[in-house]
Amino acid sequence: MRERSERTVGAVTRRPVPWWVRFLAGFVVLYGTLAGLAEIDATGRYGLAILAGVLLVALLVESVLYGCAPADALRLLGFGRPTGRSLVVAAAVCVPVLCLPWLLAGVGPVVRPGWPWLLVGAFAFHGLAEELVWRGYAYRRLREGRSFGRAVVLSMPLVAAAHVPVLLGSGLAVGSAALIVAAVTSVPFAYLWEMGRGTIWAPAMLHTAIDAFKLVVIPVGATLTFSLALAAVSVVVPLLVLAVPRTSDRRERRATAARPAVRGHTRRSAAD
């Protein structure tokens, strides 16, 4: 009896890591990678390299913190097959997002030299890499065991906080507009994510459209007017996607029941 009690006293009970510690650790690493690589160039010229770096780190985070195999992690992060509905809805909303700011500002764009490559880079950087962090990791992890609305609300502070440097570097008007756009668009981006069966393609399209102004030269003297027009359009127009039903409840339950379980992508256990 004495020997048994000594072993019990000397034993160390390892407590499981709380879910929010793992979540925040992964988010800090991922966002830090995205922000650090973005310092190379924010125009999209090196967008493919930025995407490759963020994706590699994301796969490591999913493997180390959640035990996901690379193939499973790639799908969970949003690189699966989207629905046609999500792509069509995103494309339809992209048109007014691209055109209305110029009409409201009363100016015409001048396309930068080499814009096709810049467009590819912008889609890789602002579309895929950023949506990988915000929807593929942050929103998806917060969605586990929560409603759509609660997951979006919890992700908003993270998205908004990441845009504080814009407020500090671009002034109160432009910076505040960026913060508002980032917070509000969390709703339609997450909605497109779910409409696309947990994929980043549709939100990446719309995200790229909002940042497509980097492919053109804004006329001198029209920067503030255009920025405010773009912010207004980016806040209001993307919300139109909410008018399109994602899917029926019965169909969603059937799809969820048929989806195979993936190690590392389960709801939080009681121990967490």
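The following exercises, each with a worked solution, concern a predicted model of a single protein chain.

**Exercise 1. Overall composition and confidence**

Describe the secondary structure, the burial and the confidence of the chain.

Solution.
Step 1. Begin with the secondary structure: the chain contains 13 helices and two strands.
Step 2. Turn to burial and surface. Of the 272 residues in the chain, 42% are buried. The accessible surface amounts to about 14,400 Å², and carbon and sulfur atoms supply 67% of that area.
Step 3. Consider the contacts. Among contacts in the chain with a separation of 6 or more, 83% are between residues 24 or more positions apart.
Step 4. Assess the confidence. The average pLDDT of the chain is 86, and 85% of the residues score at least 70. Residues 1-10 have a pLDDT below 50, and this stretch has zero contacts beyond near neighbours in sequence. Residues 255-272 also have a pLDDT below 50, but beyond near neighbours in sequence this stretch has 25 contacts in the model.

**Exercise 2. Aromatic pairs**

Determine how many aromatic pairs the chain has, and classify the pair of Tyr-31 and Trp-134 by geometry and burial.

Solution.
Step 1. The count comes to eleven aromatic pairs.
Step 2. For Tyr-31 and Trp-134, the ring centres lie 5.8 Å apart and the planes meet at 45°; the pair is therefore tilted, since that class holds the angles that are neither under 30 degrees nor over 60.
Step 3. Locate the partners. Tyr-31 belongs to helix α2 (residues 19-38) and Trp-134 to helix α6 (residues 115-143), so that the pair links parts of the chain 103 residues apart.
Step 4. Apply the burial cut-off of under 20% relative accessible area. Trp-134, at 4% relative accessibility, is buried, whereas Tyr-31, at 24%, is partly exposed.
Step 5. Place the pair in its surroundings. Ring pairs join Tyr-31 and Trp-134 with Trp-19, Phe-23, Phe-27, Tyr-66 and Tyr-137 in a cluster. Arg-141 lies over the face of one of these residues, Tyr-66, at 3.5 Å from the ring centre.

Repeat the analysis for Trp-102 and Phe-226.

Solution.
Step 1. The ring centres of Trp-102 and Phe-226 are 4.2 Å apart with the planes at 35°, so this pair is tilted.
Step 2. Because Trp-102 lies in helix α5 (residues 84-105) and Phe-226 in helix α12 (residues 223-236), the pair ties together parts 124 residues apart in sequence.
Step 3. Trp-102 is buried, with a relative accessible area of 12%, and Phe-226 is buried at 2%.
Step 4. A further link between these regions can be read from the backbone: the C-alpha atoms of Thr-225 and Pro-101, 124 residues apart along the chain, are separated by 9.2 Å. Thr-225 lies in helix α12 and is partly exposed, with a relative accessible area of 42%.

**Exercise 3. Surroundings of two buried residues**

State which residues Leu-30 and Ala-162 touch, leaving aside those up to four places away in sequence.

Solution.
Step 1. Leu-30 is found in helix α2 and, at 0% relative accessibility, counts as buried.
Step 2. The residues that Leu-30 touches are Val-54, Val-57, Ala-58, Val-61, Val-133 and Tyr-137. The C-alpha atoms of Leu-30 and Val-61 are 8.0 Å apart, although 31 residues separate them along the chain.
Step 3. Ala-162 lies in helix α7 (residues 148-162) and is buried, with a relative accessible area of 15%.
Step 4. Ala-162 is in contact with Tyr-31 and Trp-134, the tilted pair of Exercise 2. Ala-162 and Gly-32, 130 residues apart in sequence, lie 10.0 Å apart from C-alpha to C-alpha.

**Exercise 4. Cysteines and an unusual backbone angle**

How many disulfides does the structure have?

Solution.
Step 1. A disulfide is a covalent bond between the sulfur atoms of two cysteines.
Step 2. A search of the whole structure finds zero disulfides.
Step 3. Compare two cysteines by accessibility: Cys-94 is buried at 9%, while Cys-99 is partly exposed at 42%.

What is the sign of phi at Arg-197, and where does this residue lie?

Solution.
Step 1. Most residues other than glycine have a negative phi.
Step 2. Phi of Arg-197 is near 60°, which is a positive value.
Step 3. Arg-197 is placed in the loop between α10 (186-195) and α11 (201-210).

Definitions and conventions: Residues numbered from 1 in each chain as written. Predicted model: local features only at pLDDT ≥ 70, side-chain atom pairs only at ≥ 80, totals over all residues. Heavy atoms only, no water. Helix = DSSP H or I, 4+ residues; strand = E, 2+ residues; numbered from the N terminus. Buried < 20%, exposed > 50% of the residue type's maximum accessible area, 1.4 Å probe, protein only. Contact = heavy atoms within 4.5 Å. Areas by Shrake-Rupley, 256 points an atom, 1.4 Å probe, with all protein chains shown as cover. Phe/Tyr/Trp six-rings, centres within 6.5 Å; stacked < 30°, edge-to-face > 60°. Lys NZ or Arg CZ within 6 Å of the ring centre and 35° of its normal. Disulfide = S-S within 2.5 Å. pLDDT = per-residue confidence, 0-100.
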